[in-house]
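Colleague: Before I plan any bench work, I would like to go through this model with you, one question at a time. Please give me your reasoning along with each reply.

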Amino acid sequence: MRTIVSRLIQSHSLPSRLSSEGLLRNGRLLSTGSNKVEETFKVEEAETVKPEAPEPEKVLVLGGNGFVGSHVCKEALQQGLSVSSFSRSGRASIQESWADSVVWHQGSLLVQDSLKNAMNDVSAVVSCVGGFGSYSHMYKINGTANINAIRTAAEQGVKRFVYISAADFGLVNYLLRGYYDGKITAVSLINLFFAGVILRPGFIYGTRQVGGLKIPLGVIGSPLEMILQHAKPLNKVPVFGPLLTPPVSVTAVAKVAVRAATDQVFPPGIVDVYGILRFSEQK
Ligand SMILES: NC(=O)c1ccc[n+]([C@@H]2O[C@H](COP(=O)([O-])OP(=O)(O)OC[C@H]3O[C@@H](n4cnc5c(N)ncnc54)[C@H](OP(=O)(O)O)[C@@H]3O)[C@@H](O)[C@H]2O)c1
């Protein structure tokens, strides 16, 4: 009997797991009456299970309390992401309510290993850490600090890395060598570990918070952007051309940075000012 049932099952091509484990193990039930077969197949009324919403992607903003970084945090929150920041002073003086939704880590990128914890489960990092000063200070903050972050991100399995670098300003590059040397070194390391995105804005305008003061840089930046974005050919003129790079708003930089950090089909590589303007206008 057992063999016949087994053959019947195979010839009706029931799923193999059902035939070999379910029915045969219960072969005794099949042979003792049809009511038992129904019993075997009786399906309890299904309970409606609400599918769990997927966890939002986690983005870590390095320098999330700075001018660009704070706008990146705000944009990422608006996109429904889970946002954390890492900087020496943590939340610092930001009083606005959006800051309550950010996890603020405090530490220096120049201190090895202090960043590991902040990178747990993070899928993308946006680095807004940079600054000016002496050659060695500029190299350290734009280069070494970011190099430490890139290495840690690679070790921790972070998938995407976005770095806010700066446009080429020709003559100015020479005067700010530490700034540009640091940035170039950081970018070359990003390219080793990630299909990273490097934004190269010129002057960034918007409202910059300095202590309790809000400085509206858009008063100069916005009209200049209007004029200079149409003077792209002049930008190619040697020596002085790069000085005509159009300014770009901090909201545009933040929008493109967050998109680059989360959109898997965002093209890796360098995005110059014109690219930032173009991407920021896309929906
Ligand atoms: N603003 C512009 O017009 C402009 C133009 C082109 C490119 N950029 C680039 O854009 C990026 C952001 O510029 P920004 O104007 O927003 O600068 P910012 O306001 O000075 O912000 C710099 C951020 O870096 C953090 N930071 C500095 N040293 C750190 C360290 N050792 N460890 C951890 N965090 C550190 C600062 O926070 P703590 O002080 O609390 O550590 C701050 O959050 C920079 O890379 C800059 O070169 C800016």
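**Overall make-up**

Colleague: What percentage of the residues in the protein chain is buried?
Modeller: This is a predicted model, in which local features need pLDDT of at least 70, side-chain atom pairs count only at pLDDT 80 or more, and totals for chains, interfaces and linings use all residues. Residues are numbered from 1 along each chain as its sequence is written. A residue is called buried if 20 or more other C-beta atoms lie within 10 Å of its own, exposed if 12 or fewer, and partly exposed in between, with C-beta atoms placed from the backbone. By that rule, the buried portion of the 283 residues in the protein chain is 34%.

Colleague: How many helices and strands does the protein chain have?
Modeller: Helices (H or I, at least four residues) and strands (E, at least two) are taken as DSSP runs and numbered from the N terminus. Counted in this way, the secondary structure of the protein chain comes to 11 helices and 11 strands.

**The sheet and its helices**

Colleague: Which strands stand at the edges of the open sheet?
Modeller: Two strands pair if DSSP finds at least two bridges between them. The open sheet has 7 strands with parallel pairing, in the order 3-2-1-4-5-6-11. Each edge strand has a single partner strand, so one side of it is left without a neighbour in the sheet, and these strands are strand 3 (103-106) and strand 11 (269-272).

Colleague: By how many degrees are neighbouring strands of this sheet turned against each other on average?
Modeller: Axes are lines fitted to C-alpha atoms, for helices over the stretch in contact, and angles run from 0 to 180 degrees between N-to-C directions. For neighbouring strands of this sheet the direction is ignored, and the average turn is 20 degrees.

Colleague: Is strand 2 largely enclosed or left open, and how many of its residues are buried?
Modeller: Strand 2 (82-87) pairs with strand 1 in the parallel sense over 5 bridges, and the bridge partner of K58 in strand 2 is S82. Strand 2 is largely enclosed by the rest of the structure, because its buried residues number 5 of the 6.

Colleague: Which residue of strand 6 is the bridge partner of V162?
Modeller: Strand 5 (residues 160-164) and strand 6 (residues 197-200) run parallel and are joined by 3 bridges. In strand 6, the bridge partner of V162 is V197.

Colleague: What angle does the direction of helix 10 make with that of strand 5?
Modeller: Two residues are in contact if their C-beta atoms, placed from the backbone, lie within 7 Å. Helix 10 (residues 250-262) packs on the sheet and touches strand 1, strand 4, strand 5, strand 6 and strand 11. Its direction and that of strand 5 make an angle of about 160 degrees.

Colleague: Which elements do the buried residues of helix 8 pack against?
Modeller: Helix 8 (residues 177-193) has 17 residues and reaches 25 Å from its first C-alpha to its last, close to the 24 Å expected at 1.5 Å a residue, where the expected span is 1.5 Å times one less than the number of residues. Its buried residues include Y179, Y180 and K183. They pack against helix 6, strand 5, helix 7 (171-175) and strand 6.

**Around the ligand**

Colleague: Which helix supplies the largest share of the shell around the ligand?
Modeller: A residue is near a molecule if its C-beta atom, placed from the backbone, lies within 6 Å of it, and 24 residues surround the ligand, with G63, G66, R88, S89 and G130 the closest. Helix 5 (67-78) and helix 6 (135-155) each supply at least two residues of this shell. The largest share, 3 residues, comes from helix 5.

**Loops and turns**

Colleague: Which residue in the turn of the hairpin has a positive phi?
Modeller: Strand 8 (residues 207-210) and strand 9 (residues 213-216) run antiparallel and are joined by 4 bridges, and their hairpin has 2 residues between the strands. The residue in the turn with a positive phi, of about 60 degrees, is G211.

Colleague: Is A92 buried, exposed or partly exposed?
Modeller: A92 is found in the loop between strand 2 and strand 3, and its phi is near 55 degrees, a positive value in a residue other than glycine. Most residues other than glycine have a negative phi. Because A92 has 17 other C-beta atoms within 10 Å, it is partly exposed.
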